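User: Please take me through the ligand site of this model and a few features of its backbone. I would like the reasoning behind each term as well as the value.

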Amino acid sequence: MDRLNSIFARYGDRVTVRRTGALDPNAHCVVYWVLHAQRAFDNPALDLAVDIANSLGLPVVAFFGLVPYYPKANLRHFRFVQQGIPDIAADCARRNIGFVLRRYPEESLINFCIETSAALVVGDEDPLRETEAWRDKAAKKLRIPLITVDADVIVPTRLLLKEQYSARIIRPRLRRHFEQYLVAPANPMARVPWNPPPALHSLSPDFDITANWRDLDTSVQPVDTFRGGTHEALRLLREFVTTKLALYPRRHNRPEYDGTSRLSPYLNRGQIGPHTVALAVQQADAPQSAKDDFLDQLITWRELAINFVHFNPLYDSIECAPNWAHRTLATHSRDRRPVVYSRDQLEQAETHDALWNAAQRQGIHAGWMHNYMRMYWAKKILEWSPSPAVAYQTAVYLNDKYFLDGGDPNGYAGIAWSIAGKFDRPWFDRPVFGTVRYMSGPAAEKKFDTHRYIEQVSSLME
Ligand SMILES: Cc1cc2nc3c(=O)[nH]c(=O)nc-3n(C[C@H](O)[C@H](O)[C@H](O)COP(=O)(O)OP(=O)(O)OC[C@H]3O[C@@H](n4cnc5c(N)ncnc54)[C@H](O)[C@@H]3O)c2cc1C
């Protein structure tokens, strides 16, 4: 392993050695374990696998093994992931990298490494506790080294050392590292082509991975508002930088306009990398202020969310609230709530508020919700729930069930901001919310054309 240190050094703080050990001189390949970064280009984890393989004179194979119990995933999410698989296979081929697809109950990474006589495994990273536990388990069970790479952020998460208090605090700390880390991906070619052993089993990339999975959650149907895959993400990115970016500052807070990139489901599944998006925006023909506004969402807010989930194990419960918010919510816990809805009523969009119902229906029928509406939606869940703790759980449940980009640090951070005052400051004291920031329907009406938004969502359902 020591001979690889100079290669690791090129990746700076992205690299974590989870299991060390001697490299078998008779090994046949290097394995890239696809978990979060589901793409073949702009992927520092795959790049590291290729650099190591090239230095050892070995081929690289990307291994994708899917299971029905992937955290927070139902049929809707699996369909999106599935739509992206042919792109991973085709793009791996363009880089001379093999691709093997398997599914439960034949998805074992450990068995695959034994079958292929792998020298080592390179994996990606994300901060959610379930997938982190899988990486820990793999490190214990593998008999070869396991290295993971923080591939889905501009600035490696661990460089910031601890939980960051707010966007204002993290912004300059991230910027300090742009010179080193906001650079074009290398995408090296694998020098040795992958020739699979004759009997090695792989499903075709367009195989229906969910067929006959008894344990799959089929309660939420796929949507046709988004089509998964790196190539579709690149098409949306091109469309965004050429037609929407210049207007982003004026339109991104107006839910009745299609003014944002809609890339969150692709970033969420790692089908597109943040570097590709950031560099396309930097190079676009658009005012600098528009670029800055967008990059602030993509980098500051997104990486604040990843930092939060990485460093705060309480990320999906009200317990993550800062002290001032805990105190104020507790003080107001016995306030009379004029309206209380059950989780079921909220889920069925059966409230008295047409704007809120439209937002919930957008989540159900489009698998996505506009950012302004997500804030309003979560704030109202706090207002109409018996307690902040129940509100938090309801928001997490609905968010992760219906949104294609659910089960993501951005979701936990967004809910924490809306319900638990996270990353925000105290505002004016009022019933139920205390000093946690409030949002109202009349204020929304002043900001944008709520009727047009409601009509648009209705037409989605026709
Ligand atoms: C209550 C609540 C729940 C949310 N749930 C999710 C979720 O489950 N998954 C998710 O990806 N985002 C979530 N967000 C954040 C944000 O609403 C979405 O990322 C954004 O609406 C996605 O649309 P877009 O890709 O068109 O965004 P754009 O405006 O085009 O922004 C580009 C990218 O920047 C990032 N980004 C934008 N806004 C934010 C933000 N406020 N916080 C963190 N990152 C941001 C996203 O990765 C986004 O794709 C939530 C926000 C709130 C308030």
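Analyst: This is a predicted model. The residues of the shell around the ligand divide into 11 nonpolar, 11 polar and 5 charged.

User: What makes a residue part of the group that surrounds the ligand, and which are the closest?

Analyst: A residue counts if one of its heavy atoms lies within 4 Å of the ligand. The ligand is surrounded by 27 residues, and the closest are Y248, T260, S261, R262 and N371.

User: Why is the pair formed by Q297 and a nitrogen atom of the ligand called a polar contact?

Analyst: The cut-off for a pair of N or O atoms is 3.5 Å. A polar side-chain atom of Q297 lies 3.0 Å from the ligand nitrogen, so the pair qualifies. By that criterion N371 also makes a polar contact, because an N or O atom of its side chain is 2.7 Å from an oxygen atom of the ligand. D405 contributes through its backbone: a polar atom there is 2.9 Å from a nitrogen atom of the ligand. The protein buries 95% of the 830 Å² that the ligand exposes when taken alone.

User: Which helices and domains supply the shell around the ligand?

Analyst: At least two shell residues come from each of α10 (264-268), α12 (288-311), α16 (371-383) and α18 (409-420). Domain 2 (230-311) and domain 3 (318-460) each provide at least three.

User: How do you know that the ligand sits in a pocket?

Analyst: The test is that more than half of its atoms lie within 2 Å of the pocket's grid points. The ligand is assigned to the largest pocket, so it meets that test.

User: What makes N187 and the peptide bond from Y104 to P105 worth noting?

Analyst: Most residues other than glycine have a negative phi, and most peptide bonds are trans. N187, which is not a glycine, has a positive phi of about 45 degrees. The bond from Y104 to P105 is cis, with omega near 5 degrees. P105 belongs to the loop between β4 (98-103) and α4 (109-115).

Key: Residues numbered from 1 in each chain as written. Predicted model: local features only at pLDDT ≥ 70, side-chain atom pairs only at ≥ 80, totals over all residues. Heavy atoms only, no water. Polar contact = N/O pair within 3.5 Å; in protein donor to acceptor, adjacent residues only side chain to side chain. Areas by Shrake-Rupley, 256 points an atom, 1.4 Å probe, with all protein chains shown as cover. 1 Å grid on protein atoms, 1.4 Å probe; cavity = no way out; pocket = protein on both sides within 12 Å on 5 of 7 lines; lining within 4 Å. Helix = DSSP H or I, 4+ residues; strand = E, 2+ residues; numbered from the N terminus. Nonpolar A, V, L, I, M, F, W, Y, C, P; charged D, E, K, R; others polar. Domains from an automatic or database assignment.
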